[in-house]
Amino acid sequence: MVDIWRWRNEPQTRLNSLQRRKIPFKEHKGWFFKSLKNPHRKIYLAVRQGDKVGMVKLDFLNKKVIEISININPNHRGQRLGAKILKMVNDFIKVKRSNN
């Protein structure tokens, strides 16, 4: 949770976000725990060799529309991880849906 908050407040992330202001930790913490309880939202943390490299948030708006948010750890940007992480999340969702 703390890493996601730090990544979210990093200047480059804020430039690419809908809300560009810095988010106070208390506000982020409330959002994070509320998100974990939301059945229409999933948050995935990408880890490579024990290092947190990014996160993906999926908001299931309806049966056909998913809003995707992705944030890469600033220390791992420029390594083309975004597309790889999105593909892994997509593959995971396909497997999960086929098992239901």
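**Nonpolar packing, aromatic pairs and unusual backbone angles**

Leu 86 is found in helix H4, and in this predicted model the residue counts as partly exposed, because its relative accessibility is 31% and the partly exposed class lies between 20% and 50%. Together with Ile 66, Ile 68 and Ile 70, Leu 86 makes a nonpolar surface patch of about 290 Å². The element that gives the most to this nonpolar patch is strand E3, with three residues, and this strand spans residues 66-72.

Helix H4, which covers residues 81-98, also takes part in the interior of the model. The largest nonpolar core comprises 10 residues in all, namely Tyr 44, Ala 46, Val 53, Val 56, Leu 58, Ile 72, Leu 81, Ile 85, Val 89 and Ile 93. Two or more residues of this core are given by each of the elements E1, E2 and H4, and the most are given by H4, with four residues. The contacts of Val 89, one of the core residues, illustrate this packing: when residues up to four places away in sequence are not counted, Val 89 touches Tyr 44, Val 56 and Leu 58.

Buried residues are also present in helix H1, which is formed by residues 2-9. In this helix, Ile 4, Trp 7, Arg 8 and Asn 9 are buried. The partners against which the buried residues of H1 pack include two helices, H2 (11-15) and H3 (25-37), and the strands E1, E2 and E3 are likewise among the elements that these buried residues pack against.

Aromatic side chains were examined next, and the count comes to four aromatic pairs. In one of these, the ring centres of Trp 31 and Phe 32 lie 6.4 Å apart and the ring planes meet at 55 degrees, so the pair is classed as tilted. Phe 32 also forms an aromatic pair with Phe 33, and this pair is edge-to-face, with 5.7 Å from centre to centre and 85 degrees between the planes. Trp 31, Phe 32 and Phe 33 accordingly appear in one aromatic cluster. With regard to accessibility, Phe 32 counts as buried because its relative accessibility of 11% is under 20%. Trp 31, at 29% relative accessibility, counts as partly exposed, and Phe 33, at 41%, also counts as partly exposed.

Finally, the backbone angles of two loop residues deserve a description. Gln 49 has a positive phi of about 50 degrees although this residue is not a glycine. Gln 49 lies in the loop that runs between strand E1 (41-48) and strand E2 (51-60), and the residue is exposed, because its relative accessible area of 83% is over 50%. A positive value is also found for Arg 80, a residue other than glycine, whose phi is near 60 degrees. Arg 80 is placed in the loop between strand E3 and helix H4, and this residue counts as exposed at a relative accessibility of 71%.

Definitions and conventions
Residues numbered from 1 in each chain as written. Predicted model: local features only at pLDDT ≥ 70, side-chain atom pairs only at ≥ 80, totals over all residues. Heavy atoms only, no water. Buried < 20%, exposed > 50% of the residue type's maximum accessible area, 1.4 Å probe, protein only. Contact = heavy atoms within 4.5 Å. Phe/Tyr/Trp six-rings, centres within 6.5 Å; stacked < 30°, edge-to-face > 60°. Patch = residues over 30% accessible without salt bridge, like charges linked within 9 Å, V, L, I, M, F, W, Y side chains within 5 Å. Areas by Shrake-Rupley, 256 points an atom, 1.4 Å probe, with all protein chains shown as cover. Salt bridge = Lys/Arg side-chain N within 4 Å of Asp/Glu carboxyl O. Core = buried A, V, L, I, M, F, W, Y, C linked by side-chain atoms within 4.5 Å.
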